[in-house]
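Student: I have the chain open in a viewer. Can we go through the labels and test each one against its cut-off?
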Amino acid sequence: MSSRNESCTGNTLFNTIGTASANVIAARMLAFSNPATVLSPWHQSEARRMTSEKLDAASEGMREASVELAMLPSRLLMISATPSAWTPSGWMSAWEDAAGLWVGVGNAALQAAKTTVVRNEARLARKRG
């Protein structure tokens, strides 16, 4: 996997998460701003949901990142074991591939957050619409 592909994937993840997070925050601010329904059952369940989803996404992201980190040494060894990695141009390519592996660890950690926030965005859009 080249570092350019991982960087593009990371950029897409950041854009998706940022846009969906802004939409979720706006929808929740509108829902929570009605003083007539301050302690309604929906508000209470939504507050519990916000906390549990954040904890679940964080633990899933850590788990996915740890899997990627566990596989990192063997992948780095495979990159450095190719004969082309010992030539000047191959050496630079090997370093780029190694950097891509590190970016892949971050991408794996962000994937759970993306899934959660996109699901929330769709759910809150249905409730509003």
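Student: Why is R28 called buried or exposed, whichever applies?

Tutor: R28 has a relative accessible area of 7%. Buried means under 20%, exposed over 50%, partly exposed in between (1.4 Å probe, protein chains only). So R28 is buried. A word on the source: this is a predicted model, where local features need pLDDT of at least 70, side-chain atom pairs count only at pLDDT 80 or more, and totals for chains, interfaces and linings use all residues. Residues are numbered from 1 along each chain as its sequence is written, and side-chain values use heavy atoms, with hydrogens and water left out.

Student: What makes R28 and E46 a salt bridge?

Tutor: The closest N and O atoms are 2.7 Å apart. The rule asks for a side-chain nitrogen of Lys or Arg within 4 Å of a carboxyl oxygen of Asp or Glu. The R28–E46 pair therefore counts as a salt bridge. The two residues sit in distant parts of the chain, R28 in helix 1 (residues 3–32) and E46 in helix 2, 18 residues apart. Helices here are DSSP runs (H or I, at least four residues), numbered from the N terminus.

Student: Which label does E46 get, buried or exposed?

Tutor: Its relative accessibility is 0%, so E46 counts as buried.

Student: How far apart along helix 2 are R49 and E46?

Tutor: They are three residues apart, which means a separation of about one helical turn. Their side chains meet in a salt bridge, at 3.0 Å from N to O. R49 has a relative accessible area of 29%, so R49 is partly exposed.

Student: What links R123 to E46?

Tutor: A salt bridge does, with the closest N and O atoms 3.1 Å apart. R123 lies in helix 3 and E46 in helix 2, 77 residues apart. Salt bridges that share partners join R28, E46, R49, E53 and R123 into one network. By this rule the count comes to five salt bridges.

Student: Why is H43 called buried?

Tutor: H43 has 6% relative accessibility, so the label buried applies. H43 belongs to helix 2 (residues 41–81).

Student: How do you know that the H43 side chain has a polar partner in T37?

Tutor: A polar atom of the H43 side chain lies 2.4 Å from the backbone oxygen of T37. A polar contact is a pair of N or O atoms within 3.5 Å; within protein, one must be able to donate a hydrogen and the other to accept it, and residues adjacent in sequence count only if both atoms are side-chain atoms.

Student: Why is M92 called partly exposed?

Tutor: M92 has a relative accessible area of 43%, so the label is partly exposed. M92 lies in helix 3 (residues 88–128).
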